[in-house]
Amino acid sequence: MKKFALISNDGCAFNKALRERFGVDGLIIGNITYPDGSTVKADPEYEKVSPEAYFGSMSKDKAMYKTASANVDEIYEVMKEQAKKGLDILAIIISSALSATYNFSLKAKERIEKDYPNIKVYIVDSKRYSTAIGSLLVEANQLREEGKNAQEAYEWIESHKNRIHQIGIMDDLFFLARAGRISKAKAFMGNLVGVAPMADFASNGLSEVIGKGKGKRKSLLAAVSYMKQTIAEPEKHIVFVCHSLREKEAAFLAEEIQKQIAPKEIIINVVDQTSGANMGPGLACAYYYGEPLSEDLSKEKEIIAGILK
């Protein structure tokens, strides 16, 4: 069985340690424009600026950061490094609704397969961001370890990506509104004192609010209740808890998930710079493998309504 390389982009929220653990062979890195106008490569390791400083500047000063995808040439170079080793490539990329990286990756794939005729490249539009992509990378790596080839892993990921959920709270919607991810009216409602919007993934590759909790603690407990009704085979899968300047809330969420669900493992990490630039501070959310999401999220909205009533 021909081996394959696994690559992603910096929007997967995997630092070097997680990339090494889960066999991510290459990382496409985009650009961040800072409030002072300087543009640099995104920093997946948070080596140049800490998460506290990055998200803190947004929280305190409403600092604006802009993102831009790596270009086709840069993506080609990441793929070429693996193609030169004779490896097929499976790339799991941030939602095309959020970034141009997926479409640029398709163009790089064409060039790779022309320049290296024996190499096959498979590109997954994850329809997700941050450690939801990481969850898919974990699954792909497991399939590779089981002996699956790139095409087999690609087909499995494509048919199962709709099973990666998110649930938690987002208590500051200012940056989502600024980036056009939600309306300003919804942002205002979400920022009302004590209201905690809760979202899962929609079929269009964006997040959609499925309920509004009251109070952080109560809402986080509601998130765990939602997980209990939507998670699948927790003993076989890793749950990621990701946050942006909400360490205490993330720790509480992880503790309750362990207590009430006891998945295979829980990993807490920080939202990456790329996703975080558009999301801002305020997230404490779980990402997990669950039942397939309904097309219009009607099933999920019904579940959370029953919990929050």
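# Salt bridges, a cavity and a crossover

In this predicted model, E45 has a relative accessible area of 26%, which means that it counts as partly exposed, since that class lies between the limits of under 20% for buried and over 50% for exposed. E45 is a useful place to start, because its side chain takes part in one of the salt bridges described below. The briefing then turns to a cavity, to a pair of parallel strands with the helix between them, and to one residue of that helix.

**Salt bridges**

- Across the whole structure there are 14 salt bridges, and three of them are described here, each with its two partners.
- E45 is paired with R19, and the closest N and O atoms of the two are 2.7 Å apart. Because E45 sits in the loop between β4 (39-41) and α2 (51-61), while R19 belongs to helix α1 (residues 16-21), this pair ties together parts that are 26 residues apart in sequence.
- The two partners fall into separate classes of accessibility: R19, at 14% relative accessibility, counts as buried, whereas E45, at 26%, is partly exposed.
- A further salt bridge brings together the side chains of R144 and D25, with a distance of 2.9 Å from N to O. R144 lies in helix α5 and D25 in the loop between α1 and β2 (26-28), so the contact ties together parts of the chain that are 119 residues apart in sequence.
- In this pair R144 is the buried partner, with a relative accessible area of 19%, which is under the 20% limit, while D25 is partly exposed at 37%.
- R111 forms a salt bridge with D73, where the closest N and O atoms are 2.6 Å apart. This pair links distant parts of the chain, as R111 is in helix α4 (residues 101-115) and D73 is in helix α3 (residues 72-83), 38 residues apart.
- Here R111 is partly exposed, with a relative accessible area of 32%, and D73 is also partly exposed, with a value of 45%.

**The cavity**

- How many cavities of 30 Å³ or more does the structure hold? There is one, and the largest cavity has a volume of about 50 Å³.
- The residues that line the largest cavity are S135, V138, E139, I164, H237, I238, F240, Y288 and Y289. By class, six of the lining residues are nonpolar, two are polar and one is charged.
- At least two lining residues come from each of α5 (131-145), β11 and β13 (283-289), and the element that gives the most is α5, with three residues.

**Strands β11 and β12**

- Strand β11 (residues 238-243) and strand β12 (residues 265-270) run parallel and are joined by six bridges. Within this pairing, V241 stands opposite I268 of β12.
- Between these strands the chain passes through helix α10 (residues 247-260), and the resulting β-α-β crossover is right-handed.
- When reading such strands in the 3D view, it helps to recall that in a regular strand the side chains alternate between the two faces of the sheet.

**A residue in the crossover helix**

- E249 is found in helix α10, the helix through which the chain crosses from β11 to β12.
- Is E249 buried or exposed? With a relative accessibility of 15%, E249 counts as buried, because the limit for that class is under 20%.
- E249 and M170 are 79 residues apart in sequence, and their C-alpha atoms are 11 Å apart in space.

How values were computed
Residues numbered from 1 in each chain as written. Predicted model: local features only at pLDDT ≥ 70, side-chain atom pairs only at ≥ 80, totals over all residues. Heavy atoms only, no water. Pairing = 2+ DSSP bridges. Helix = DSSP H or I, 4+ residues; strand = E, 2+ residues; numbered from the N terminus. Right-handed = clockwise from strand over helix to strand, strands pointing away. 1 Å grid on protein atoms, 1.4 Å probe; cavity = no way out; pocket = protein on both sides within 12 Å on 5 of 7 lines; lining within 4 Å. Points joined across faces, edges and corners; volume = space filled by probe spheres on them. Nonpolar A, V, L, I, M, F, W, Y, C, P; charged D, E, K, R; others polar. Salt bridge = Lys/Arg side-chain N within 4 Å of Asp/Glu carboxyl O. Buried < 20%, exposed > 50% of the residue type's maximum accessible area, 1.4 Å probe, protein only.
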